[in-house]
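Please examine the structure shown below together with its sequence. The report that follows describes selected parts of the fold.

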Amino acid sequence: MPEVTGAGIISAVMPELRKKYPFDQIEPKWQQHWLANKTFAANDDAAKPKLYVLDMFPYPSGAGLHVGHPEGYTATDIFCRYKRMRGFNVLHPMGWDAFGLPAEQYAIDTGTHPSITTKKNIDTFRRQIQMLGFSYDWDREVDTTDPEYFKWTQWIFLQLYKKGLAYEAEIPVWWCDGCKAVLANEEVNADGTCDRKGHKEVYRRPLRQWILRITKYAERLLADLEHVNWPDSIKEQQRNWIGRSEGAEVDFKTETGDALRIFTTRPDTLFGATYMVLAPEHPLVEKFKNPAVDTYRSAAAKKSELERTQLEKEKTGVFTGGYAINPVNNERIPIWVADYVMMGYGTGAIMAVPAHDTRDFEFAQKFDLAIRTVVQPPTGIEPQGFTGDGISVNSGMLTGLPTPEAKKKITSWLEEKKLGKATVNYKLRDWLFSRQRYWGEPIPIVHCAKCGTVPVPENELPLRLPEMKDYSPSGNAEPPLAKATDWVNCKCPQCGGAGKRETNTMPQWAGSCWYYLRYIDPKNAGAFVAKDKEKYWMSVDLYVGGAEHAVLHLLYSRFWHKVLFDLGHVSTPEPFTRLINQGMILGEDNRKMSKSWGNVINPDDVVREYGADTLRLYEMFMGPLEATKPWNTQGTEGIYRFLGRVWRLFCDEEGRLLVDDTAPDTKLVKVLHQTIKKVGADTEALAFNTAIAQMMIFVNELTAQDKRPRAVLEPFVQLLAPYAPHIAEELWQKLGHTQTLTHEPWPEFAPALLVENTVTIVVQVNGKVRDKLDVPTGITNAELEKLALASGKVQESLTGKTVKKVIVVAGKLVNIAAG
RNA sequence: GCCCGGGUGGCGAAACUGGCAGACGCAUCGGACUUAAAAUCCGAAGGAGUAUUAAAGCUCCGUGCGGGUUCAAAUCCCGCCCCGGGCACCA
């Protein structure tokens with residue numbers, strides 16, 4: 001049963017009336033033409049300047065394309081088409097980030113192999129994307145699940161492994177007894193239940209995992225953000241994620257003689273430490289034979305990360321009964337255990353300075369611990385709880401020093417006495433790289449009793465996934481692959497003895513870490529990319545995608561890229577020179593599009609009703625590319641009308657050409673040249689909405705005339721081409737051209753034609769417009785002032801006032817200050 | 001709590017380096033065409049007030065709020081409010 005909407009009824013009853021131009025014939029025609037002629041093939045060794053423009057490739061979900069996808073894709077497509085006309089050799093590829101959970105879940109439920117589901121979804125996505133007329137070079141399509149692709153994902157993993165950047169460790173992961181599976185952090189609810197099925201038995205258990213040493217690159221990942229042209233918000237998010245902080249490690253001793261090392265960013269407040277806090281997981285905690293500590297510790301182990309951070313605002317903790325000695329003044333201070341200190345950061349232990357740290361302050365107040373002021377804030381500020389820079393007080397040798405100097409002095413003192421040293425810490429953790437899943441790249445490692453972990457020889461790659469009948473988890477924390485015993489049992493590549501394959505697979509991020517490199521040389525069987533091609537095309541000049549990948553994808557791929565750079569496999573230290581985030585498209589009700597709101601717009605429907613050119617143009621006309629903006633079906637209607645008007649400038653109802661060779665009048669020529677100038681500049685700046693507005697002005701101007709001069713219509717088609725390529729190609733052909741306009745040169749505007757003879761000058765009195773004067777362009781300021789003062793209207797508003805000052809802005813306005 | 005964005009007509013928005021606020025589009029209203037409607041074309045329009053028979057007009061207000069700088073502020077500065085996004089006990 002078809003859904004009945006207002007528009008639906010009209011189109012069902014009177015489709016011929018809605019058809020303002022035959023987009024349904026034009027669009028498939030040109031899409032086939034472009035595909036068949038490989039119009040957008042990028043040539044590797046062209047003498048032209050190169051331009052690499054990349055879209056974040058999609059995960060081909062079963063739901064198909066939504067209107068958010070074409071937004072970024074249209075923006076890059078317009079830019080590419082424009083740049084081709086400007087003489088650039090453009091690389092503009094598309095592919096599929098196709099490993100992922102939904103296909104695996106579907107396989108568990110139905111037994112259908114994920115590769116079948118994936119292929120089907122890719123076909124749908126490809127069809128939908130091609131239906132929008134994007135100028136991708138389809139010969140370069142990549143698919144992360146293709147063994148010929150993931151062969152190289154595995155190869156890169158081995159390079160990381162050989163460089164010591166991939167290691168195994170037992171680390172705690174969330175395990176759900178009900179699902180018999182490992183859960184990701186975000187799959188665990190705040191109350192500790194399983195988010196998928198609501199199971200209660202969820203707990204942490206240590207599991208062997210593969211981990212990538214991204215922390216080794218923390219400093220460079222941070223520093224090199226300086227050199228990329230990315231939105232500040234994204235850079236800031238990455239900086240926060242990396243979380244560099246400078247401070248010092250200081251060695252305390254417990255009364256019983258154990259070393260207790262802490263990290264602090266405020267060594268200058270060492271004299272204000274009134275207690276110590278250990279994370280519940282800190283090894284020293286075991287030393288305290290104290291039942292309260294044991295109870296606290298096991299309770300903390302059960303809490304989820306969420307509970308310990310977001311929800312648990314109220315501080316908890318217990319006194320261990322032990323004391324530490326402060327190395328600067330030999331004071332005896334109590335040691336507490338509290339879960340507001342995390343084992344994973346710094347040393348998992350802190351000195352608490354409640355007077356100058358918000359968290360310690362809160363804790364000390366709750367447990368009635370001493371609070372000692374050691375930093376004097378600027379006058380007028382309460383010293384207790386003051387966390388900024390000030391002057392050290394009650395701090396022995398530091399007293400009287402401003403905070404930055406106090407930090408320096410105490411740090412060198414600690415270094416001298418071998419009690420501590422300056423240290424830099426990062427929030428960034430190593431990257432947990434393995435997943436207990438079937439549908440991912442197998443990690444190419446063999447475990448051998450004799451040789452340990454042994455890489456699969458490179459000439460045996462790709463290591464394919466085994467065929468399986470049952471994709472469900474085994475129930476004993478083993479990944480599904482463990483059940484494929486024929487596959488798991490193998491020879492050790494090193495000693496030839498019995499070996500077992502690694503059964504963890506890579507996370508979905510792996511394939512997307514380097515796909516932009518494969519596009520450059522997608523069919524190369526001997527290397528992931530040929531050196532000369534890489535050198536020609538890299539780096540990516542423009543990368544467009546959603547802000548949701550601000551940290552993970554963009555940080556992971558930068559990491560891999562830097563490793564490949566260090567190994568000499570790529571020639572640039574950063575992969576993406578310039579990054580733009582397209583804004584989100586909201587539903588007509590101003591809410592996020594979602595099935596539950598029933599406000600989802602399906603691009604298929606829009607294309608059926610109005611055509612791809614309308615969808616493209618509308619999405620660009622909605623507002624600035626980076627802004628979040630709501631969909632408005634009436635707005636698509638307006639764009640559709642615009643394209644209808646364009647069509648009717650060229651042909652009558654029977655499709656006969658109306659264009660003639662009459663000479664256009666000067667006004668029209670001027671509007672054309674203004675349009676060439678503005679559309680060019682705006683396209684260059686990715687300000688597509690205003691470029692479209694200018695094209696509308698041109699069309700309005702021409703519609704008002706009865707002449708249809710080829711001299712202005714032909715260049716206009718060229719301007720329109722990047723935006724609405726189907727209608728433009730069709731009109732170009734109708735104008736008698738036999739070649740695609742893809743490589744036609746972009747029209748040039750003649751500055752001479754834009755020069756005005758007269759200019760309208762605004763005359764203000766005290767900032768208010770009183771008159772407008774048409775004057776010759778070259779008029780001098782003195783003459784202009786004279787004319788302005790002579791104006792009757794100006795004189796009228798000056799009555800009873802004396803002129804104090806006259807400001808003349810050449811060519812723009814005169815403002816008379818009077819009182 | 002902290003860090004980024006953002007706030008302009010009924011709606012989406014535009015505005016160079018501080019220089020006529022509201023381009024362009026939507027919705028609305030009026031007109032032409034039509035037996036009628038649709039489509040198309042032409043035109044009006046920020047708000048309030050106001051003059052004349054009528055119209056063009058004229059006056060004031062107006063870019064989240066309150067101050068400031070300036071001949072001149074959507075734009076710069078200070079203080080707040082609201083919305084969106086991100087991070088969140090990182091010592």
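In which sense, and over how many bridges, do strand E22 and E23 pair?

## A parallel sheet

The model discussed here is predicted. In it, E22, which covers residues 542-545, and E23 pair in the parallel sense, and 3 bridges join them. One point of reference along this pair is Tyr-543, which stands opposite Leu-579 in E23.

Both strands belong to an open sheet of 4 strands, arranged in the order E2-E1-E22-E23, with parallel pairing. The edges are formed by strand E2 (89-91) and strand E23 (579-581), each of which pairs on one side only. On average, neighbouring strands in this sheet are turned by 20° against each other, direction ignored.

## A mixed sheet and its helix

Another open sheet also has 4 strands, in the order E27-E26-E29-E28, and its pairing is mixed. Here the edge strands are E27 (768-776) and E28 (803-809), each pairing on one side only. From one strand to the next, the twist averages 20°.

Within this sheet, E28 pairs with strand E29 (residues 813-818) in the antiparallel sense, over 6 bridges. Val-806 is found opposite Ile-816 in E29. Helix H27, made of residues 781-790, packs on the sheet and touches strand E26 (758-765), E27, E28 and E29. The direction of H27 makes about 125° with that of E28.

## A hairpin

Strand E8 (residues 245-254) and strand E9 (residues 259-264) are joined by 6 bridges in the antiparallel sense. Thr-264 in E9 is the bridge partner of Ala-248. The two strands form a hairpin with 4 residues between them. In the turn, Gly-257 has a positive phi of about 95°.

## Two helices side by side

Helix H21 (residues 633-650) packs with helix H25 (residues 725-734) at an angle of about 5°, and their axes lie 11 Å apart. Angles under 35 degrees count as roughly parallel, and H21 and H25 are therefore roughly parallel to each other. On the H21 side, the contact is made by Leu-643, Val-646, Trp-647 and Phe-650. On the H25 side, Ile-727, Glu-730, Leu-731 and Lys-734 take part. Sorted by class, this contact has 6 nonpolar residues, no polar ones and 2 charged ones.

## The nonpolar cores

Which residues touch the most other members of the largest nonpolar core? They are Phe-157, Tyr-515, Phe-559, Trp-560, Trp-631 and Phe-650, in a core of 166 residues. Helix H7 (residues 147-162) gives the most to this core, with 9 residues.

Setting aside its neighbours within four places in sequence, Phe-157 is in contact with Ala-166, Trp-210, Leu-212, Phe-433, Ile-443, Pro-444, Ile-445 and Met-506. Apart from the largest core lies another, of 42 residues, including Phe-288, Ala-338, Val-353 and Phe-386.

## A residue in a loop

Lys-163 lies in the loop between H7 and strand E5 (166-176). Is Lys-163 buried, partly exposed or exposed? Partly exposed means between 20% and 50% relative accessible area, so Lys-163, at 32% relative accessibility, counts as partly exposed.

Not counting residues up to four places away in sequence, Lys-163 touches Tyr-217, Val-563, Asp-566 and Leu-567. Lys-163 and Ala-103 are 60 residues apart along the chain, and their C-alpha atoms are separated by 33 Å.

Technical notes:
Residues numbered from 1 in each chain as written. Chains lettered and ligands numbered in written order. Predicted model: local features only at pLDDT ≥ 70, side-chain atom pairs only at ≥ 80, totals over all residues. Heavy atoms only, no water. Axes fitted to C-alpha atoms, helices over the stretch in contact; angles between N-to-C directions. Parallel < 35°, antiparallel > 145°, perpendicular 65-115°, else oblique. Contact = heavy atoms within 4.5 Å. Nonpolar A, V, L, I, M, F, W, Y, C, P; charged D, E, K, R; others polar. Core = buried A, V, L, I, M, F, W, Y, C linked by side-chain atoms within 4.5 Å. Buried < 20%, exposed > 50% of the residue type's maximum accessible area, 1.4 Å probe, protein only. Pairing = 2+ DSSP bridges.
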